[in-house]
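Please open the model in your viewer and keep a selection panel at hand, as each stop on this tour begins with a set of residues to pick out.

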Amino acid sequence: MVTRVLTVSILAGLLAGLLISALQHVTTTPLILKAETYEAALRAQPGPVQAAFSGDAHIILAHNDPKAGAEHAGEHEWKPQDGLQRTAFTSLVTVATAIGFAALLLAGMIAANEEIDQRRALAWAICGFLAFGLAPAMGLAPELPGSAAAELQQRQLWWLLTAVVTAGALFVFLRVEASWARALAVLALLVPHLIGAPHPATPESKVPAEIAAHFAALSLAIQATLWLVTGFAVGVLWPWVTRRSVATAAA
């Protein structure tokens with residue numbers, strides 16, 4: 001069983017991750033590069049700055065402070081270089097994320113004693129996106145570099161609370177027939193949003209709102225696609241790997 005879970009998770013994650021990496025390369029990655037241009041330029045220019053944005057992400061600055069470079073000279077950390085190296089690292093992270101999604105789907109379906117096929121795996125993938133993608137994004141939208149944000153630990157705790165509560169509420173609502181249980185599940189869905197996601201006291205972003213909104217929409221679409229493709233791959237690969245295991249054992 002463990003071998004089959006690992007095999008299907010790796011194969012499904014690899015297929016879904018590579019496909020989504022290609023989509024990211026032409027959708028969200030260009031927006032991230034634009035946002036980083038704003039972030040770097042405005043970080044290096046303290047004080048009043050006037051910036052204009054052009055289609056190729058160039059910044060036109062009307063302010064220059066010779067002390068800016070010295071103030072931030074020690075803040076640079078290693079990161080993948082733009083181009084092939086950055087694309088490779090992004091793809092690697094996406095594949096790893098897809099493998100994690102596949103393992104999570106398999107673990108949940110096996111624990112619930114659910115038959116694993118294409119239709120059911122897709123249904124679980126939709127619930128996965130609702131719990132780990134859409135519900136948290138209702139309070140904390142996907143952010144670009146340079147976006148205003150609250151303290152990281154507070155955001156992580158709220159995200160975790162929202163994801164766990166939403167996943168549990170969806171499971172109860174869909175698997176328990178008692179009306180009172182479903183009513184409690186609906187109330188549980190509202191709890192994280194009644195508490196409210198943490199936001200900065202002064203929500204000032206270095207990134208234009210149009211770019212941030214475009215990125216948030218694309219990110220959610222990409223994440224939904226990742227869940228669906230991963231779920232479909234799990235639903236196709238699990239029966240195939242199971243049949244091969246049975247045939248090998250019989251031989």
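The tour goes from annotated segments to two helix pairs and then to a pocket.

Before selecting anything, bear in mind that this is a predicted model. Begin by colouring residues 88-110, 122-141, 156-174, 181-199 and 211-238, the stretches to which an unreviewed UniProt entry assigns the feature "transmembrane region". Within that set, isolate residues 88-110, where the chain is 100% helix and 0% strand and the end C-alpha atoms lie 33 Å apart. Then turn to residues 181-199, where the helix content is 79%, again with 0% strand, and where the end C-alpha atoms are 32 Å apart.

Next, show α1 and α8 together, and look along their contact. Their axes are 8 Å apart and the two helices pack at an angle of about 145°, while the crossing itself is right-handed. On the α1 side, display the side chains of Arg4, Val5, Thr7, Val8, Leu11, Ala12, Leu15, Ala16, Leu19, Ile20, Leu23 and Gln24; facing them in the contact, α8 contributes residues including Ile222, Leu226, Val229, Ala233, Leu237, Trp238 and Ser245. Coloured by class, this contact of α1 with α8 shows 17 nonpolar, six polar and one charged residues.

Now hide that pair and bring up α5 and α6, which pack at an angle of about 145° with 8 Å between their axes. Their crossing is right-handed. From α5, select Trp124, Cys127, Leu130, Ala131, Phe132, Ala135 and Pro136, and from α6 select the residues they meet, among them Trp158, Trp159, Thr162, Thr166, Phe171 and Arg175. By class, the contact of α5 with α6 comprises 14 nonpolar, two polar and one charged residues.

Finally, restore the whole chain and compute or display the pocket surfaces. Which residues lie nearest the centre of the largest pocket? Select Gln24, Pro142, Glu143, Phe215 and Ser219, which hold that position within a lining of 40 residues. The volume of this largest pocket is about 1300 Å³. To see where the walls come from, show α1 (2-26), α2 (28-43), α4 (84-111), α5 (118-137), α6 (152-175) and α8 (209-250), each of which supplies at least two residues of the lining. Of the contributions to the lining, the largest share, nine residues, belongs to α4. A last colouring by class separates the lining of the largest pocket into 20 nonpolar, 15 polar and five charged residues.

Technical notes
Residues numbered from 1 in each chain as written. Predicted model: local features only at pLDDT ≥ 70, side-chain atom pairs only at ≥ 80, totals over all residues. Heavy atoms only, no water. UniProt positions renumbered as here; feature names shortened; annotations may be inferred. Helix = DSSP H or I, 4+ residues; strand = E, 2+ residues; numbered from the N terminus. 1 Å grid on protein atoms, 1.4 Å probe; cavity = no way out; pocket = protein on both sides within 12 Å on 5 of 7 lines; lining within 4 Å. Points joined across faces, edges and corners; volume = space filled by probe spheres on them. Nonpolar A, V, L, I, M, F, W, Y, C, P; charged D, E, K, R; others polar. Axes fitted to C-alpha atoms, helices over the stretch in contact; angles between N-to-C directions. Left-handed = near helix turned anticlockwise from the far one by under 90°. Contact = heavy atoms within 4.5 Å.
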